[in-house]
Amino acid sequence: MKKTLVLLVLVAVSAGAMAGCNKFTPKRYSLIQTGMTELEVEKILGPPYHKFSDSWTYTHEDPFYRAKILFKNGRVADKAWTDEKGIADDPDAKVPMGETPKVEVERKIVVD
């Protein structure tokens, strides 16, 4: 009886620890394929950071990486990955949060 109780407690503690684990990893992301259902994606990556009707975003902070899964009719239509290397090359990513990136527009004056 005592051994059974200890075993149940260990299983409960392990399950609780696993529930807190972040399923979103580069390896799990690579398993996502076009045509998968939303349920299949959530089973692999866990719940998304942001959930919209046509896209889900997953984010990991340290090290930084982010994925966006695009859906059409409830199935994966496309996916995109960004990590620290990609951010370094993205000019929009260098703008502090809350600020709008400056866009230079070339203006041509046409005289008739």
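Here a visitor and a guide talk through a predicted model.

Visitor: Let's start with the sheet. What makes strand 1 and strand 4 the edge strands?

Guide: The sheet is open, with four strands in the order 1-2-3-4 and antiparallel pairing. Strand 1 (50–51) and strand 4 (75–83) each pair on one side only, and that makes them the edges.

Visitor: How do you know that strand 2 and strand 3 pair?

Guide: Pairing takes at least two bridges between the strands. Strand 2 (residues 55–60) and strand 3 (residues 65–72) have six, in the antiparallel sense, so they count as paired. If you want a spot to look at, Tyr-58 stands opposite Ala-67 in strand 3.

Visitor: And what does helix 3 touch in the sheet?

Guide: Helix 3 (residues 38–45) packs on the sheet and touches strand 1, strand 2, strand 3 and strand 4. Its direction makes about 5 degrees with that of strand 2.

Visitor: Which residues of helix 3 are buried, and why are they said to be on the same side?

Guide: They are Val-41, Ile-44 and Leu-45. These residues cover an arc of only 80 degrees around the axis, which puts them on the same side of helix 3. That fits the usual helix pattern: with 3.6 residues a turn, residues three or four places apart point the same way. The buried residues of helix 3 pack against helix 2 (26–29), strand 2, strand 3 and strand 4.

Visitor: What about the face turned away from that buried side?

Guide: That face carries Leu-39 and Lys-43, both exposed. Just after helix 3 comes Gly-46, with a positive phi of about 85 degrees.

Visitor: Which residues have the most contacts inside the largest nonpolar core?

Guide: The core has 14 residues, and those with the most contacts inside it are Phe-24, Ile-32, Val-41, Leu-45, Tyr-58, Ile-69 and Val-76. Helix 3, strand 2 and strand 3 are the elements that give two or more residues to it. The largest share, four residues, comes from strand 3.

Visitor: What does Phe-24 contact, leaving aside its neighbours within four places in sequence?

Guide: Among its contacts are Tyr-29, Leu-45, Tyr-58, Ala-67 and Trp-81.

Visitor: One last residue. Why is Thr-82 called partly exposed?

Guide: Buried means under 20% relative accessible area and exposed means over 50%. Thr-82 has 26% relative accessibility, so it counts as partly exposed. You'll find Thr-82 in strand 4. Thr-82 and Thr-59 are 23 residues apart in sequence, and 9.5 Å apart in space, C-alpha to C-alpha.

Terms used
Residues numbered from 1 in each chain as written. Predicted model: local features only at pLDDT ≥ 70, side-chain atom pairs only at ≥ 80, totals over all residues. Heavy atoms only, no water. Contact = heavy atoms within 4.5 Å. Axes fitted to C-alpha atoms, helices over the stretch in contact; angles between N-to-C directions. Core = buried A, V, L, I, M, F, W, Y, C linked by side-chain atoms within 4.5 Å. Buried < 20%, exposed > 50% of the residue type's maximum accessible area, 1.4 Å probe, protein only. Arc of directions from axis to C-beta.
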